[in-house]
Number of protein chains: 2
Amino acid sequence: MVDTAWIERFHGLSTLPDAVKAQLVAESSVMKVPAGTAVFGPGAVPDNLLFLLNGRVRVQQTSESGRDIVLYRVEAGESCVLTTACLLAHEPYSAEGVTETEVTAVAIPRGAFDRLMASSKEFREFVLTAYARRITDLFRVIDDVAFGRIDVRLAGRLLSLASDGDELATTHSQLATELGTAREVISRVLHDFQKRGFVAQSRGKITLLDRAMLSRLAESA
Amino acid sequence: MVDTAWIERFHGLSTLPDAVKAQLVAESSVMKVPAGTAVFGPGAVPDNLLFLLNGRVRVQQTSESGRDIVLYRVEAGESCVLTTACLLAHEPYSAEGVTETEVTAVAIPRGAFDRLMASSKEFREFVLTAYARRITDLFRVIDDVAFGRIDVRLAGRLLSLASDGDELATTHSQLATELGTAREVISRVLHDFQKRGFVAQSRGKITLLDRAMLSRLAESA
DNA sequence: ACCCTTCAGTGATATTGTCACCTAAGCCGT
DNA sequence: ACGGCTTAGGTGACAATATCACTGAAGGGT
């Protein structure tokens, strides 16, 4: 008997009929990917739908001019659904997925994905719900980029990046990519945060000193 | 015998098996909506997937601060697929769809959509392909807003809005919504375009005088 | 004609992005 | 330990865009 335990970790999949769970497990394979690997990207159309058991994947886009912006992240317990559209549509995907940590994932091949979509209403619902969430994320990015102030956005991003502990090993450059802005802008805003006592900095490291004030700033529309 | 002719107008649906075509037509109904109607929006979860036979739907988002940005347009021969995610996921959709012209559309109820997804590989492929295109559109919006110059974006938008004829009945305010910027910014850029002889203006109307120069500007990365 | 609403123009100022260049920190080999 | 190299970060000057607070102009309705 194969192990179906991982399925329970995915919100919405636990209600799958047992037969479908078995099918899902039978046709999938577990893979392990080291940190910093591009799991999909322009030109490299993936042929698997990934369910993340552990780790995190960052999805970002590089513009023609070479500048980057982070679109969203896929966390453990979620799946890389947006790639499925391109996966099944045989369309290239202009975004790129990079593992931020070591990642363990269950890979479902294209054919198996299609069979599951055909056979299980619950699976369809799971996939569509995941879609809805991602699309909401994208709408949020558009809203932020178009109308958000960068100090507000940076404060929010620092808080969410430092979800475990107050230390953050990142560079100004990487933060600029997070928000789709320029390094100099991040440097200046962080300098300001530092003067106000919100953070402390050293080369490649940012320490959050006052989460409360950062939150307050992040919430201010 | 019901009329399946409209199906042929949708790229990807013509290859559907006849039985599926019949099912599609049997479960759907044609509707006509006047211009300027909100076909879906926040709070108003639609319960139909729309296939546009004629007309155009503008999909836009309003931020908390009350400012708007146009996300994409659904043209005749396309479908409002992104709503299906929210439709089936029972999630609210933060964007709003407004008819820009009178619209004739075929409406497929939620249940029928789900049955078609289950029964037809071709239908699934159609839906996923449409998804892929929309998502690509969204990525493009993000790229433009984050990294694009406003004069370049405006030039491009003027050209695509004036696809039939060189007259454009629109206000500076509406153009600001198109690009997610402020009216004053549009006013200044248009003033500049006017001085350079690219366009002529009168209250509520813009005339393109030099599409070639506008194109050249729009292409400049 | 007059009011009233909407549309458009403009200066002042704030915010953000770009460019050019500099300094500092850590690493690595000798 | 020293010097050289690479990458991270700082800064001034300036450009582009956004915001604010007005102004006047155009057209519609009475």
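Here are questions and answers on a predicted model of two protein chains with two DNA strands.

Residues are numbered from 1 along each chain as its sequence is written, while chains are lettered from A and ligands numbered from 1 in the order written. In this predicted model, local features need pLDDT of at least 70, side-chain atom pairs count only at pLDDT 80 or more, and totals for chains, interfaces and linings use all residues.

Trainee: How many helices and strands does chain A have?
Mentor: Helices here are DSSP runs of H or I with at least four residues, and strands are runs of E with at least two, numbered from the N terminus. The C-alpha atoms of chain A fill a box of roughly 60 × 35 × 30 Å along the principal axes. The count for chain A is 8 helices and 10 strands.

Trainee: What percentage of the residues in chain A is buried?
Mentor: A residue is buried if 20 or more other C-beta atoms lie within 10 Å of its own, exposed if 12 or fewer, and partly exposed in between, with C-beta atoms placed from the backbone. Chain A has 221 residues. The buried part is 35%.

Trainee: Is Gly43(A) buried or exposed?
Mentor: Gly43(A) sits in the loop between β2 and β3 (48-54) of chain A. Its C-alpha atom is 35 Å from that of Asp151(A). Gly43(A) has 9 C-beta neighbours inside 10 Å, so it counts as exposed.

Trainee: In β6 of chain A, which residues point to one face and are buried?
Mentor: Side chains alternate along β6(A), residues 95-99. Glu96(A) and Val98(A) point to the other face and are not buried. The buried ones are Ala95(A), Gly97(A) and Thr99(A).

Trainee: Which residue of β6(A) is the bridge partner of Phe40(A)?
Mentor: Strands pair if DSSP finds at least two bridges between them. β2(A), residues 38-40, runs antiparallel to β6(A) with 2 bridges, and β4(A) runs antiparallel to β6(A) with 5 bridges. Val59(A) stands opposite Gly97(A). The partner of Phe40(A) is also Gly97(A).

Trainee: How many of the 8 residues of α6(A) are buried?
Mentor: The buried residues include His172(A), Leu175(A) and Glu178(A). Their cover includes β4 (56-62), β5 (68-75), α5 (150-161) and α7 of chain A. The helix α6(A) is largely enclosed by the rest of the structure, because the buried count is 6.

Trainee: Which residue just after α6(A) takes a positive phi?
Mentor: The last buried residue listed for the helix is Leu179(A). Next comes a phi of about 70°, at Gly180(A).

Trainee: How are the two copies related?
Mentor: Copies are superposed by least squares on the C-alpha atoms of residues with pLDDT of at least 70 in both. Chain B lies on chain A with an RMSD of 0.1 Å after a turn of 180° and a shift of 0.0 Å along the axis. The copies are therefore related as by a two-fold rotation axis.

Trainee: Which residue of chain B comes closest to the rotation axis?
Mentor: The same surface serves both copies, since 100% of the contact residues of chain B recur in chain A. The C-alpha distance to the axis is 2.1 Å, for Ala118(B).

Trainee: Which helix gives the most to the side of chain B that touches chain A?
Mentor: Residues are in contact if their C-beta atoms, placed from the backbone, lie within 7 Å. The contact takes 37 residues from chain B and 38 from chain A. The side of chain B divides into 21 nonpolar (Ala, Val, Leu, Ile, Met, Phe, Trp, Tyr, Cys, Pro), 8 charged (Asp, Glu, Lys, Arg) and 8 polar residues (the others, Gly among them). With 17 residues, the top contributor is α4(B).

Trainee: Which helix gives the most to the surface near DNA strand D?
Mentor: Near means that the C-beta atom, placed from the backbone, lies within 6 Å of the strand. Of 17 residues around strand D, those that come nearest include Thr171(A), His172(A) and Ile150(B). By class, 3 are nonpolar, 8 polar and 6 charged. With 3 residues, the answer is α7(A).

Trainee: Which helix supplies the largest share of the surface near DNA strand C?
Mentor: The closest of 19 residues include Arg149(A), Thr181(A) and Ser187(B). This surface has 4 nonpolar, 8 polar and 7 charged residues. The largest share, 5 residues, comes from α7(B).

Terms used
Two residues are in contact if their C-beta atoms, placed from the backbone, lie within 7 Å.
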